[in-house]
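Thanks for sharing this one. Here are some notes to read alongside the model, point by point.

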Amino acid sequence: MSGSGKVVCVTGGSGYIASWIIKLLLQRGYTVKATVRDPNDPKKVEHLSSLDGAKERLQLFPANLLEEGSFDQAVEGCECVFHTASPFYHAVTDPQAELIDPAVKGTLNVLNSCAKVPTIKRVVLTSSMAAVAYNGKPRTPEVVVDETWFSNPDLCRESQMWYVLSKTLAEDAAWKFVKEKGIDMVTINPAMVIGPLLQPTLNTSAAAVAKLFGAETYMNASFGWVHVKDVAMAHILAFEVPSANGRYCLVESVAHFSEVVKMLKELYPNAALPDKSADDKPLVPPYQVSKEKTRSLGIDYIPLKVCFKETVESLKEKGFVTL
């Protein structure tokens, strides 16, 4: 019970990754202060209050990313703050208001609250491979992406990749802020996070898997994939391992959707899964992501096939997929 007696905060507590971080923190004996927009919304909090240890060691606080000072109470007296709260969806009408402001201003708002609290030893920020891999360099099978890569905001704007832009600007703003204030920060940069869902709602990355069932075509895209337990564990180790520093790219492997479908067909031979790509262009090649740094943190990746199996079983159980 390495967390016994330690108090930490998790922002965006009801989210997919945050719920798993909270679950593992409670298992390790930590006392967790989690922020949610509305602690009285059962859809947002029931899955948290039913976790083992939640009754004794989980406190929920209302907080809003765009409301200055709303995280003050939650971070008070904490040793670490895990900042996961940031919107993630693709269908946006006003990217500035819906994605960029909550990501950038929200991150600075949380860090501002942290800067007032002398007990905080480290902040662990949930960033994304979105803030790493989009810099115009080619991504082909022999290319290895690592923590030294940074996405290019101008390129994101030109390509209208608003979610990618929001994560890139938020991480960039965070590094500048912590440098100025002398805050010790580590970022976790996962790719598409899959695995079992604790929350009752369908999150964006799990939806990408759910959408394949009954579809005519699959997306012509190659994504990095990683299990949610590995992502949650990486956050916790980023706090617990004193030498942890900088950024950590979290990707078990990069696979094209055609590969994903092939894997799903092996797991579920009778399922209605697509046979062809959504366009006639050559398939977008996969690339590699370095695992060196995350392995040094103590992450032993859950294999991709297990990731997909556990995702689909969870989607079936929650009624998001019928086979």
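1. Let me begin with a single residue: at 0% relative accessibility, alanine 34 counts as buried. Please keep in mind throughout that this is a predicted model. Alanine 34 belongs to strand S2, which covers residues 31-36. Leaving out residues up to four places away in sequence, alanine 34 touches Val10, Gly13, Ile22, Leu58, Gln59, Leu60 and Phe61. If you would like a long-range reference, alanine 34 and tyrosine 301 are 267 residues apart in sequence, and their C-alpha atoms are 27 Å apart in space.

2. Next, the nonpolar cores. The largest one has 69 residues, and inside it the residues with the most contacts are Ile22, Leu25, Val32, Phe82, Trp225 and Phe308. Helix H1 (residues 16-27) gives the most to this core, contributing 9 residues. Another core lies apart from it, with 22 residues, among them Val110, Val123, Phe177 and Val178. As background, nonpolar side chains in soluble globular proteins tend to be buried together.

3. Helix H1 is worth following further. Its axis and that of helix H9 (residues 228-240) come within 9 Å and cross at roughly 60°, and the crossing is right-handed. On the H1 side, the contact uses Tyr16, Ile17, Trp20, Ile21, Leu24 and Leu25; on the H9 side, these meet Val228, Lys229, Val231, Ala232, Met233, His235 and Ile236. By class, the contact of H1 with H9 comprises 11 nonpolar residues, 1 polar and 1 charged.

4. Now to the pair formed by helix H10 (residues 257-267) and helix H12 (residues 304-317). Their axes come within 10 Å and cross at roughly 65°, so H10 and H12 are roughly perpendicular to each other. The crossing of H10 and H12 is right-handed. Here Val260, Met263, Leu264, Glu266 and Leu267 of H10 meet Leu304, Lys305, Phe308, Lys309 and Val312 of H12. The contact of H10 with H12 has 7 nonpolar residues and 3 charged ones, with no polar residues.

5. Phe308 deserves a look of its own. Setting aside residues up to four places away in sequence, phenylalanine 308 touches Ile194, Val209, Trp225, Val260, Met263, Leu264 and Leu267. Phe308 also appears among the residues with the most contacts inside the largest nonpolar core, as does Trp225.

6. How do the axes of helix H5 (residues 95-115) and helix H7 (residues 162-181) cross, and at what angle? They come within 9 Å and cross at roughly 20°, which makes H5 roughly parallel to H7. H5 passes H7 in a right-handed crossing. From H5, the contact takes in Pro95, Leu99, Ile100, Ala103, Val104, Thr107, Leu108, Leu111, Asn112 and Ala115. From H7 come Trp162, Tyr163, Leu165, Ser166, Leu169, Ala170, Ala173, Ala174, Phe177, Val178 and Lys181. The contact of H5 with H7 counts 17 nonpolar, 3 polar and 1 charged residues.

7. Finally, a loop residue. Serine 128 sits in the loop between strand S5 (122-126) and strand S6 (144-145). Is serine 128 buried or exposed? At 7% relative accessibility, serine 128 counts as buried, because the cut-off for buried is under 20%. Apart from its neighbours within four places in sequence, serine 128 is in contact with Tyr163, Lys167, Ile188, Asn189 and Pro190.

Methods: Residues are numbered from 1 along each chain as its sequence is written. This is a predicted model: local features need pLDDT of at least 70, side-chain atom pairs count only at pLDDT 80 or more; totals for chains, interfaces and linings use all residues. Side-chain values use heavy atoms; hydrogens and water are left out. Axes are lines fitted to C-alpha atoms, for helices over the stretch in contact, and angles run from 0 to 180 degrees between N-to-C directions. Helices (H or I, at least four residues) and strands (E, at least two) are DSSP runs, numbered from the N terminus. Angles under 35 degrees count as roughly parallel, over 145 as roughly antiparallel, 65 to 115 as roughly perpendicular and the rest as oblique. A crossing is left-handed if the near helix is turned anticlockwise from the far one by less than a right angle, and right-handed if clockwise. Contact means heavy atoms within 4.5 Å. Ala, Val, Leu, Ile, Met, Phe, Trp, Tyr, Cys and Pro count as nonpolar, Asp, Glu, Lys and Arg as charged, and the others, Gly among them, as polar. A nonpolar core is a set of buried Ala, Val, Leu, Ile, Met, Phe, Trp, Tyr and Cys residues joined through side-chain atoms within 4.5 Å. Buried means under 20% relative accessible area, exposed over 50%, partly exposed in between (1.4 Å probe, protein chains only).
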